[in-house]
Amino acid sequence: MTSKGAGAARPVERKLVSSSPISSGPAEWKPLAAGDNYFQTFERDGGSFRNIVGIVRGTDPNKSNEFVVLGAHYDHCGMGEIPGRMGAKGEIHHGADDNASGTAGVLAAARVIAAKPLPRSVVFILFDAEERGLWGSQHYCAHPLVPIDRTIAMVNLDMIGRSYDGYIFVGGLGSSPAWDEILSKALKSEAALLKNVERDTGGTGPSDHDSFYHVDVPVLFFFTNVHRDYHQPRDTAEKIQYKPMAAAARAALDVVRSLATIKPRPAFTKASGDGLPKGFNALEAAIFLRAKAMTRRLGGLIEAGENGLPRLANIEPAGSRAGLEKGDVILAIARGSSKKPEAFREVRNVEELRVEVEKSEPGEALQLRIRRDDKTLVISTACGEVPEWKHGPAADAGDLPRVKPK
Ligand SMILES: [Zn+2]
C-alpha cells in the first residue's frame, strides 16, 4: 500500500545487494526478464529499482499466449526514508504485512502452479518501488514483458496479513463482469476463515492493480485493511494472522486458476473510483496523525541517531521555546512537571521512546534528559496538545476498530 504523499517524496539513493543476473530460482518458474534473469530493472528520480518477474507457460496451445498476472509489491519503507508517512528515519521498517504477506502469497501460488501448469500462462510479478507511488507496476505496464492486450487480468495481493474477525476486502469488481462469479467461487471454500467479506467495484486505488486498470486490464485487489502498525516499525511478523492470510492467498490462487482455465477471457469494463474499504481515508488519516503524535508531544521530529539513540532531527517552534535544539540526543524521559517528575526511564532506541511518550497524557509535561555535545541536561517540555490522538479512532491502545463492511 502506498500513501498519498509518497509520489512526491525526495528520492533516496538505493544500494542494490547485487546487480548481477541470477540463473537459479524455482526450477519451474522460468525467468521472463531479459538476459535469463528474473529482474526487470529501471531508474526513476535518481534511484535504481527492480521488479522480479517469472512465468509458468500455459499448457493449451490455443490459450498459452494469453496471460494472467498475479502480483504483489516486495519493497517497503526501508529505514524510514519517506518523511512524515512512516516511523522515524533510521528505524527498520519490517513490513511483515506490507507487504511480505502478499509477496509470500505470490511465491506460494507460483510453487503450486509451477507443479501443475494451467491452460493459460501465468506471470508472477513482485513489484519494486510501490511505496514510492506505484513506480514498479507503472514501469511494468509501460514496458510489459508479455503483451498487455493479451494480459487478460491482474490479481494484486497487498497487505493480506492482518485479518481480524474473518475480514477481507476485495476491490476492482467493476472492472469485469466475470469477477462476481469467479470471486464467489474462490471465497466459498475459504468461508470458515474469511467470513466477513467487503466488496467494492472501484478499479483504481493506492496499490499496483491501479497501473493495470489504467491500461484496460481487469483487476482484483485483495486487502485486509490498514491498522495501527501501518508503515510503522511495528509491522512485524509475530502480529501476522497466518491462517486468514493463507486463506486469502488460496482464494487468490483459486481466482488465478479460474482465469487461466475459463473459456472466454474476461471482458474489461470501466469501474471508476478508488476501490477501498468504507471509511478508509479517515482511518488512514487517524493512523498518520497517531504516527506524528511523538513529534507533537516532544516538539521536534525524532530520528534514530548514533547507536540507534533517539535524536532530534528538526525542532518545531514549541520545542524551540522549551529549549530543545537540533541534534539533541534523548537519553531518558520522565512524566510530570520539573518539580514533581516521576522516575526517569532510560530509552535506548526510538521505539522505547515512543512507548514512553504514548503513556503520557495530552498536555502533560515531560522531562527529557538529553545529551548536547558533551553536556547532559534536563529539559521540560509540554508541547503536545494532541487532542485528536485521544479522541480520534486512533486512541485505541490495541488495533484500530475494524470498519463494518457495507
Ligand atoms: Zn505500504
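How many bridges join strand 7 to strand 8, and do the two run parallel or antiparallel? The views below come from a predicted model.

**View A. Strands 7 and 8 pair side by side in a parallel arrangement.** Strand 7 covers residues 167-171, and strand 8 covers residues 196-199. Four bridges join them. One pairing to look for is Ile168, whose bridge partner in strand 8 is Val197. Between the two strands the chain passes through helix 3, residues 179-188. This β-α-β crossover is right-handed.

**View B. Helix 2 is largely enclosed by the rest of the structure.** The helix spans residues 135-142. Seven of its eight residues are buried, so little of the helix is left unenclosed. The buried ones are Trp135, Gly136, Ser137, Gln138, His139, Tyr140 and Cys141. They pack against four strands and a helix: strand 2 (39-44), strand 3 (47-56), strand 4 (67-73), strand 5 (121-127) and helix 4 (209-213).

**View C. The largest nonpolar core holds 72 residues.** Val68, Leu70, Val122, Ala248, Ala252, Val255 and Val256 touch the most other members. Helix 5, residues 242-259, supplies the largest share of this core, with ten residues. In soluble globular proteins, nonpolar side chains tend to be buried together.

**View D. Val122 and its contacts.** Neighbours within four places in sequence are left aside here. Val122 is then in contact with Ile55, Val56, Val68, Leu70, Ile113, Val256 and Ala260.

**View E. A second, separate core has 22 residues.** Among them are Ala88, Leu312, Val347 and Ile379.

Terms used:
Residues are numbered from 1 along each chain as its sequence is written. This is a predicted model: local features need pLDDT of at least 70, side-chain atom pairs count only at pLDDT 80 or more; totals for chains, interfaces and linings use all residues. A residue is buried if 20 or more other C-beta atoms lie within 10 Å of its own, exposed if 12 or fewer, and partly exposed in between; C-beta atoms are placed from the backbone. Two residues are in contact if their C-beta atoms, placed from the backbone, lie within 7 Å. Two strands pair if DSSP finds at least two bridges between them. A crossover is right-handed if, with the strands pointing away from the viewer, the path from the first strand over the helix to the second runs clockwise. A nonpolar core is a set of buried Ala, Val, Leu, Ile, Met, Phe, Trp, Tyr and Cys residues joined through C-beta atoms within 7 Å.
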